[in-house]
Amino acid sequence: MDKSLGDIQREVDAYISQFKEGYFSPLSMLARMSEEVGELAREVNHQFGEKPKKTDEADNSIELELGDILFITVCFANSLGIDLTEAHNKVMHKFNTRDAGRWTLKNTD
């Protein structure tokens, strides 16, 4: 089932809202996001880099680590009242205007 960013933000908010603690502070979420990015880096290094996993290491995946990053990003946005669809639209506008001639387009023939 496809979900919009708005759907995802509402789903995460419903999950977090059931707990008295609610969202973490922005500084704690930034620290948590940094931790998750580090875990993603570790998985990418294991899969594509020169550092193989130890035999006793957990079998995490890039997919799960990206999912964790998405979750904490949504939590961060929700806690600050940021609509991620609008944020995405603004970023795409920036890329499509500021960087319009920066990259070589693929041949569309």
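**Exercise 1. Classify Val91 by its relative accessibility, then place Val91 in its helix and surface patch.**

Step 1. Val91 has 33% relative accessibility, so Val91 counts as partly exposed (buried means under 20% relative accessible area, exposed over 50%, partly exposed in between, with a 1.4 Å probe and protein chains only).

Step 2. Val91 sits in helix α4, residues 84-98 (helices are DSSP runs of H or I with at least four residues, numbered from the N terminus).

Step 3. Together with Met92 and Phe95, Val91 forms a nonpolar surface patch with about 220 Å² of accessible area. Patch residues have over 30% relative accessible area and no salt bridge, and nonpolar side chains (Val, Leu, Ile, Met, Phe, Trp, Tyr) are joined within 5 Å. The areas come from the Shrake-Rupley method with a 1.4 Å probe, and for residues only the protein chains shown count as cover.

A word on the model before we go on. This is a predicted model, in which local features need pLDDT of at least 70, side-chain atom pairs count only at pLDDT 80 or more, and totals for chains, interfaces and linings use all residues. Residues are numbered from 1 along each chain as its sequence is written, and side-chain values use heavy atoms, leaving out hydrogens and water.

**Exercise 2. Describe how helices α2 and α3 cross.**

Step 1. The axes of α2 (residues 26-48) and α3 (residues 62-80) come within 9 Å and cross at roughly 165°. Axes are lines fitted to C-alpha atoms, for helices over the stretch in contact, and angles run from 0 to 180 degrees between N-to-C directions.

Step 2. α2 and α3 are therefore roughly antiparallel to each other (the term applies to angles over 145 degrees).

Step 3. Finally, the crossing of α2 and α3 is left-handed: the near helix is turned anticlockwise from the far one by less than a right angle.

**Exercise 3. How many salt bridges does the whole structure hold? Look at the partners in some of them.**

Step 1. The search finds four salt bridges (a side-chain nitrogen of Lys or Arg within 4 Å of a carboxyl oxygen of Asp or Glu).

Step 2. One of them joins Lys3 and Glu11 at 2.7 Å, N to O. Lys3 is partly exposed at 40%, and Glu11 is partly exposed at 43%.

Step 3. Arg10 and Asp7 meet at 2.8 Å, N to O. They are three residues apart in helix α1 (residues 5-17), so about one helical turn separates them. Arg10 is exposed at 54%, whereas Asp7 is partly exposed at 33%.

Step 4. Arg98 and Asp99 pair at 3.0 Å, N to O. Arg98 is exposed at 53%, but Asp99 is buried at 10%. A network of salt bridges links Arg98, Asp99 and Arg102.

Terms used:
Patch = residues over 30% accessible without salt bridge, like charges linked within 9 Å, V, L, I, M, F, W, Y side chains within 5 Å. Helix = DSSP H or I, 4+ residues; strand = E, 2+ residues; numbered from the N terminus. Parallel < 35°, antiparallel > 145°, perpendicular 65-115°, else oblique.
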